[in-house]
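Here is a short briefing on one structure. Two topics follow: a helix and a metal site.

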Amino acid sequence: MKPTHIEHIGIAVKHLDEAIPYYEQLLGTKCYAIEEVLDQKVKTAFFKIGQTKIELLESLEPEGPVGKFIEKKGEGIHHIAFAVNGLEKALEEVKKDGIRLIDERPRKGAEGLQIAFLHPRSTFGVLTELCEDSSC
Ligand code: ZN
């Protein structure tokens, strides 16, 4: 597997409406998309910086994965996402390497991406997402 770039960095925040102005100021760019991903019980806000994005994540409910994350660890970096060509094949490869998967098969993420998460127990504590833009 050879990812092409860091697609995005996911950051867990308690309130998007508080975090968005900060990132707009910091990055000198407007948030260009807000999207709910019901699958993961989150509302996301995106910023573009070069070919990488910052994905802010606000939990829609305390019991969601991001809600639990914030309760346990507080706000902060939640995951890192690498762009790959051929997500299914990449998943097979990492699995063969003994890395534990959270998602055995790709599922739909924000921005029309196909995504899958690797388990942080297998990735030195970093929740790792692999994603592929299936529209191209
Ligand atoms: Zn993500």
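Buried here means under 20% relative accessible area, and exposed means over 50%. The model is predicted. By that cut-off, helix 2 has both buried and exposed residues.

**Helix 2**

- Helix 2 spans residues 65–73, and its buried residues are Val 66, Gly 67, Phe 69 and Ile 70.
- These four sit on the same side of helix 2, because they cover an arc of only 160 degrees around the axis.
- Glu 71 and Lys 72 are exposed on the other side of helix 2.
- The buried residues pack against strand 1 (5–13), strand 3 (42–49), strand 4 (52–59) and strand 5 (76–83).
- Gly 74 comes just after helix 2 and takes a positive phi of about 85 degrees.

**Zinc site**

- Which residues coordinate the zinc ion? His 8 and His 79 do so through NE2, and Glu 55 and Glu 129 through OE, at 2.0 to 2.4 Å.
- The donor residues follow the spacing H-x46-E-x23-H-x49-E in sequence.
- His 8 belongs to strand 1 and His 79 to strand 5, so this pair ties together parts that are 71 residues apart in sequence.
- Why is the arrangement irregular? The four donor atoms subtend angles of 82 to 171 degrees around the zinc ion, which makes it so.
- For comparison, the ideal angle for four tetrahedral donors is 109.5 degrees.

**Burial of the histidine donors**

- His 8 is buried, at a relative accessible area of 2%.
- His 79 is buried, with a relative accessible area of 2%.

Technical notes
Residues numbered from 1 in each chain as written. Predicted model: local features only at pLDDT ≥ 70, side-chain atom pairs only at ≥ 80, totals over all residues. Heavy atoms only, no water. Buried < 20%, exposed > 50% of the residue type's maximum accessible area, 1.4 Å probe, protein only. Helix = DSSP H or I, 4+ residues; strand = E, 2+ residues; numbered from the N terminus. Arc of directions from axis to C-beta. Contact = heavy atoms within 4.5 Å. Donors = N, O, S within 2.8 Å, 3.2 Å for Na, K, Ca; no water. Tetrahedral: all angles 85-135°; square planar, octahedral: opposite > 155°, others 65-115°.
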